[in-house]
Amino acid sequence: QVQLVESGGGLVQPGGSLRLSCAVSGGIFSISPLAWYRQAPGKQRELVALINSGGTTNYADSVKGRFTISRDNAKNTVYLQMNSLKPEDTAVYYCRFFLGDYWGRGTQVTVSS
């Protein structure tokens, strides 16, 4: 009965920033690892960033130094701050809740001038 709802996507110019949010309901948020994935047209879905229940994070090499994942257990929300965006960041971004392996529907991020 877990539901994840992403928001914050949109169209931005190269070098711009976006902050994605994923609100989780129906799960034990505080003990679950959470992650952001993305999938570009014609490509496989890839892990972008992960945060565990203790706050430890890891990132894909392609986004290190530019993206930051964080969680607010009081709000049952996980965030992805995306800075210095590049056209190759264009994709649908998905939130993942690992306990039971639930996914959101995704939010589109388009980086283009």
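Leaving aside neighbours within four places in sequence, which residues is methionine 82 in contact with? The answer, in this predicted model, is Gly16, Ser17, Leu18, Leu20, Arg66, Phe67, Tyr93 and Val109.

**The core**

Met82 belongs to the largest nonpolar core, which holds 28 residues. Four of its members touch the most others: Trp36, Leu80, Met82 and Tyr93. Several strands give two or more residues to this core. They are β3, β4, β5 (46-51), β7 (67-72), β8 (77-82), β9 (91-97) and β11 (107-111).

**Isoleucine 31**

Isoleucine 31 sits in the loop between β3 (18-25) and β4 (34-39). Is this residue buried, partly exposed or exposed? Its relative accessible area is 47%. Isoleucine 31 therefore counts as partly exposed, because that class lies between 20% and 50%.

Ile31 also helps to form a nonpolar surface patch. Its partners there are Ile28 and Leu99, and the patch covers about 280 Å². Leu99 appears again among the contacts of isoleucine 31, with Ser53 and Arg71, once neighbours within four places in sequence are left aside.

Glutamine 108 gives a distance for scale. It lies 77 residues from isoleucine 31 along the chain, and the two C-alpha atoms are separated by 27 Å.

**Contacts side by side**

Neighbours within four places in sequence are left aside in both rows.

| Residue | Contacts (heavy atoms within 4.5 Å) |
|---|---|
| Methionine 82 | Gly16, Ser17, Leu18, Leu20, Arg66, Phe67, Tyr93, Val109 |
| Isoleucine 31 | Ser53, Arg71, Leu99 |

Technical notes:
Residues are numbered from 1 along each chain as its sequence is written. This is a predicted model: local features need pLDDT of at least 70, side-chain atom pairs count only at pLDDT 80 or more; totals for chains, interfaces and linings use all residues. Side-chain values use heavy atoms; hydrogens and water are left out. Patches are made of residues with over 30% relative accessible area and no salt bridge: like charges are joined within 9 Å, nonpolar side chains (Val, Leu, Ile, Met, Phe, Trp, Tyr) within 5 Å. Accessible areas come from the Shrake-Rupley method with a 1.4 Å probe; for residues, only the protein chains shown count as cover. A salt bridge is a side-chain nitrogen of Lys or Arg within 4 Å of a carboxyl oxygen of Asp or Glu. Helices (H or I, at least four residues) and strands (E, at least two) are DSSP runs, numbered from the N terminus. Buried means under 20% relative accessible area, exposed over 50%, partly exposed in between (1.4 Å probe, protein chains only). A nonpolar core is a set of buried Ala, Val, Leu, Ile, Met, Phe, Trp, Tyr and Cys residues joined through side-chain atoms within 4.5 Å.
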